[in-house]
Amino acid sequence: MSEAYDLIVIGGGPAGYPAAIRAAQLGMKALCIDAWQNRDGSGSFGGTCLNAGCIPSKALLESSELFHRAKHEFAVHGIGVGEVKLDLAKMQERRAAVSKANSGGVKLLFGANKVTGLHGKGKLLGNGQVGYTSLDGKETKTFTAKHIVIATGSEPVNLAKIAPFDGERVVDSWGALEFTEVPKRLGIIGAGVIGVELGSVWSRLGAQTVMLEALPTFLPMVDQQIAKEAFRQFTKQGLDIRLGAKVLGAKTSKNEVTVEYEQEGQKKTESFDKLIVAVGRRPFTKDLGLEAVGVQLDERGFVKVDANYRTAAPGVYAIGDVIGGAMLAHKAIEEGVVLVEQLAGHKSEVNYHAVPSVIYTAPEVAWVGLSEEQAKAAGHEVKTGSSPFAANGRARAMEATAGLIKFISDAKTDRVLGVHMLGPYVSELVAEAVLALEYSATTEDIQMTMHGHPTLSEAFHEASLAVDGHAIHSANKKR
């Protein structure tokens with residue numbers, strides 16, 4: 001006889017594990033089945049985010065930035081450290097330890113909330129049944145549940161016909177986090193969020209880094225005033241970002257990989273020690289038994305759901321990267337929590353107009369809501385204001401004056417439509433902008449809110465004041 005649960009989640013990443021925990025908190029008997037396997041074959045909760053994405057990449061970004069600052073900035077502060085040497089093995093050891101600690105934390109949370117967590121593969125069998133196979137294939141079980149949630153996430157896009165992964169010369173984002181030596185010449189296909197972050201890591205550590213971006217515009221989803229300044233800063237740091245560069249193919253040899261691409265009508269070639277393919281992610285739906293039970297996919301392979309995350313199959317739901325939209329861990333977390341709260345009878349929903357995005361470079365890039373270009377395209381009459389970190393006392397004390405914060409507001413209603421920013425710790429500052437959008441704040445609401453001095457958040461306040469020409473500590477750059 002199969003064991004019965006109130007809710008079974010297939011996938012233990014940022015969408016799945018919070019859904020299982022919240023379900024248990026609401027009194028449901030919850031099971032989470034997760035198929036993630038580390039390089040050694042062991043299971044690990046947390047999905048790509050904790051094991052091969054968000055967390056380990058931030059660990060390397062932090063370490064590489066400290067290395068860069070020790071070499072190029074400490075002397076300005078009067079700190080002499082002699083010759084700075086890189087111990088990449090130690091840096092990688094720390095990166096792995098950070099991931100392991102976070103993944104282990106999920107296991108502890110499962111125990112504290114009485115969630116059953118299993119490492120293995122889950123498959124829909126129909127009639128509320130889920131088949132389970134352990135990672136080693138030696139154990140199989142069948143479970144039943146009233147509610148089944150698909151939260152299997154996504155995987156890197158493989159340019160199989162152009163630059164297929166080989167795990168050695170041509171790697172995905174996971175492989176790019178595990179280099180055992182710094183490449184002398186590093187190529188990256190794609191200059192989006194993942195590409196720019198990985199490029200920053202290895203460039204800081206000494207790799208000559210070339211980024212080939214097919215689009216003619218850098219970071220098109222970001223307000224272009226911010227994106228252009230980010231491009232300038234990253235180029236100044238040594239990243240060679242080539243826009244409008246369409247990769248035609250890649251050939252690997254024993255010692256290098258040669259990439260052919262087309263730019264401005266001319267065919268060109270470059271040779272690299274390593275090539276990272278970072279052109280986005282696609283939904284992971286393989287071997288889940290979706291079609292057999294009536295779960296439908298769209299033309300891009302994402303699971304089709306309604307506004308309440310219900311699939312076409314009764315009692316089967318889907319959340320996170322596998323349903324598309326912004327492929328962000330925090331968006332996935334909210335969907336998981338909201339879904340189970342809805343199943344418990346609560347009136348919960350995700351506000352997709354207030355989803356923040358961050359690029360963890362130095363300076364960081366962060367945004368929420370509409371860019372000036374998007375706002376105008378949507379028919380808004382806009383007014384904007386910006387304030388540079390060069391006018392911020394705390395930023396100057398930190399030797400981190402690059403960047404600015406920009407407000408995009410509705411000229412008629414004064415409502416904040418979006419805030420886009422480039423600068424120190426804007427990954428943290430963007431939370432205030434998210435709150436502003438969540439509560440439909442006007443520009444004046446922010447203008448009348450006191451901010452501590454000296455803090456980086458004063459740049460946020462100054463940018464809001466600049467919208468109406470009231471900035472005190474910076475030039476009133478309003479439009």
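Reading sheets, a pocket and unusual bonds in a predicted model

Modeller: In this predicted model, three strands form an open sheet with antiparallel pairing, in the order β11-β12-β13.

Biologist: What makes β11 and β13 the edges of this sheet?

Modeller: Each of them, β11 (245-252) and β13 (266-272), has a single partner strand, so one side of each is left without a neighbour in the sheet. From one strand to the next, the twist averages 25°.

Biologist: How do you know that β11 and β12 are paired?

Modeller: Two strands pair if there are at least two bridges between them, and seven bridges join β11 to β12 (residues 257-263), so the two count as paired. These strands run antiparallel, and Thr252 stands opposite Val257 in β12. In general, strands of a sheet pair through backbone hydrogen bonds, either parallel or antiparallel.

Biologist: Which strands make up the open sheet with parallel pairing, and in what order?

Modeller: That open sheet has five strands, and their order is β7-β14-β8-β9-β10. The edges are taken by β7 (170-171) and β10 (240-243), each with a single partner strand, so one side of each is left without a neighbour in the sheet. Helix α6 (residues 193-204) packs on this sheet, where it touches β8, β9 and β14 (274-277), and the direction of α6 makes about 165° with that of β9.

Biologist: What makes β8 and β9 a pair?

Modeller: The same cut-off of at least two bridges applies, and five bridges join β8 (residues 185-189) to β9 (residues 208-213), so these parallel strands count as a pair. One of the partnerships is that of Ile188 with Met211 in β9.

Biologist: How do you know that β1 is paired with β5 and with β2?

Modeller: Seven bridges join β1 (residues 3-10) to β5 (residues 140-150), and four bridges join β1 to β2 (residues 30-34). Since a pair needs at least two bridges, β1 is paired with β5 and with β2. Both partners run parallel to β1; Ile8 has Ile148 as its bridge partner in β5, while Leu7 stands opposite Ala30 in β2.

Biologist: Why is helix α14 described as largely enclosed by the rest of the structure?

Modeller: Buried means under 20% relative accessible area, and eleven of the eleven residues of α14 (residues 457-467) are buried, so the helix is largely enclosed by the rest of the structure. Among these buried residues are Glu458, Phe460, His461, Glu462 and Leu465. After α14 comes Gly469, with a positive phi near 75°.

Biologist: Why is Asp414 called buried, and why is Glu399 called partly exposed?

Modeller: Asp414 has 13% relative accessibility, which is under 20%, so Asp414 counts as buried. Glu399 has 46%, which lies between the 20% limit for buried and the 50% limit for exposed, so Glu399 counts as partly exposed.

Biologist: What makes the phi of Glu399 and of Asp414 worth pointing out?

Modeller: Most residues other than glycine have a negative phi. Glu399, although not a glycine, has a positive phi of about 60°, and Asp414, also not a glycine, has a positive phi of about 75°. Glu399 is found in the loop between α11 (393-397) and β20 (404-410), whereas Asp414 lies in the loop between β20 and β21 (416-423).

Biologist: Where are the cis peptide bonds that involve Pro363 and Pro454?

Modeller: One joins Ala362 and Pro363, with omega about 5°, and another joins His453 and Pro454, with omega about -5°. Most peptide bonds, by contrast, are trans. Pro363 sits in the loop between β17 (357-359) and β18 (364-369), and Pro454 in the loop between α13 (443-447) and α14.

Biologist: Which residues lie nearest the centre of the second largest pocket?

Modeller: They are Glu65, Arg69, Glu73, Ala362 and Pro363, out of a lining of 36 residues, and the pocket has a volume of about 1100 Å³. Two or more lining residues come from each of α3 (54-72), α6, α7 (224-237) and α12 (426-438), and α3 gives the most, with ten residues.

Biologist: How many residues of this lining are nonpolar, polar and charged?

Modeller: The lining of the second largest pocket divides into 14 nonpolar, eleven polar and eleven charged residues.

Key. Residues numbered from 1 in each chain as written. Predicted model: local features only at pLDDT ≥ 70, side-chain atom pairs only at ≥ 80, totals over all residues. Heavy atoms only, no water. Contact = heavy atoms within 4.5 Å. Axes fitted to C-alpha atoms, helices over the stretch in contact; angles between N-to-C directions. 1 Å grid on protein atoms, 1.4 Å probe; cavity = no way out; pocket = protein on both sides within 12 Å on 5 of 7 lines; lining within 4 Å. Points joined across faces, edges and corners; volume = space filled by probe spheres on them. Nonpolar A, V, L, I, M, F, W, Y, C, P; charged D, E, K, R; others polar. Buried < 20%, exposed > 50% of the residue type's maximum accessible area, 1.4 Å probe, protein only.
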